[in-house]
Amino acid sequence: EIQQQTAEMTSAIGQQAVVADEVARNIEEVREHSDESLTASEALVEQMKAFRSVSNALTDNIGRFRTS
């Protein structure tokens, strides 16, 4: 009976190790996606700054053509 319990525990420990490895891989994948998302967000912020600058310049130019 002790051998049976030892075998069951060994099997359970092995299964837990497999699950722990899978969880670790999933966490790493989430981290990688988070890094990609951060990089994309930072690029978007820079693009929006450039867009705002162009928009402000256009607004200024349009204002010069208005008549009272």
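Here's a quick briefing on the fold, the surface and the salt bridges of this protein. The model is a predicted one. Its secondary structure boils down to one helix and zero strands, and a search of the whole structure turns up three salt bridges.

**Overall shape**

- Helix α1 covers residues 2-65, and the protein has 68 residues.
- The C-alpha trace spans about 100 × 15 × 5 Å along its principal axes.
- The radius of gyration is 29 Å, whereas a compact globule of 68 residues would come in near 11 Å.

**Surface and charge**

- If you're looking for a core, note that 0% of the 68 residues count as buried.
- The accessible surface adds up to about 6,400 Å², and carbon and sulfur atoms account for 58% of that.
- On the charge side, there are 6 positive and 12 negative side chains.
- The centres of those two sets sit 24 Å apart.

**The network around Arg31**

- Glu28, Arg31 and Asp35 are tied together in a network of salt bridges.
- One link runs from Glu28 to Arg31, with 2.5 Å between the closest N and O atoms.
- Those two residues are three positions apart in helix α1, or about one turn of the helix.
- The other partner of Arg31 here is Asp35, and their side chains meet in a salt bridge at 2.5 Å, N to O.
- Asp35 and Arg31 are four residues apart in helix α1, again about one turn.
- How exposed is Arg31? Its relative accessible area is 41%, which makes it partly exposed.
- Glu28 is partly exposed at 34% relative accessible area, and Asp35 is partly exposed at 37%.

**The Lys49 and Glu46 pair**

- Further along the chain, the side chains of Lys49 and Glu46 form a salt bridge at 3.6 Å, N to O.
- That distance makes the cut, because a salt bridge needs the side-chain nitrogen within 4 Å of the carboxyl oxygen.
- What separates the two along the helix? Lys49 and Glu46 are three residues apart in helix α1, so about one helical turn lies between them.
- Lys49 counts as partly exposed, with 43% relative accessibility.
- Glu46 is partly exposed too, with a relative accessible area of 48%.
- Neither residue gets the exposed label, because that takes over 50% relative accessible area.

Note on methods: Residues are numbered from 1 along each chain as its sequence is written. This is a predicted model: local features need pLDDT of at least 70, side-chain atom pairs count only at pLDDT 80 or more; totals for chains, interfaces and linings use all residues. Side-chain values use heavy atoms; hydrogens and water are left out. Buried means under 20% relative accessible area, exposed over 50%, partly exposed in between (1.4 Å probe, protein chains only). The radius of gyration is taken over C-alpha atoms; the globule rule is 2.2 Å times the number of residues to the power 0.38. Accessible areas come from the Shrake-Rupley method with a 1.4 Å probe; for residues, only the protein chains shown count as cover. Lys and Arg count as positive and Asp and Glu as negative; His and the chain ends are not counted. The place of a charge is taken as NZ of Lys, CZ of Arg, CG of Asp or CD of Glu.
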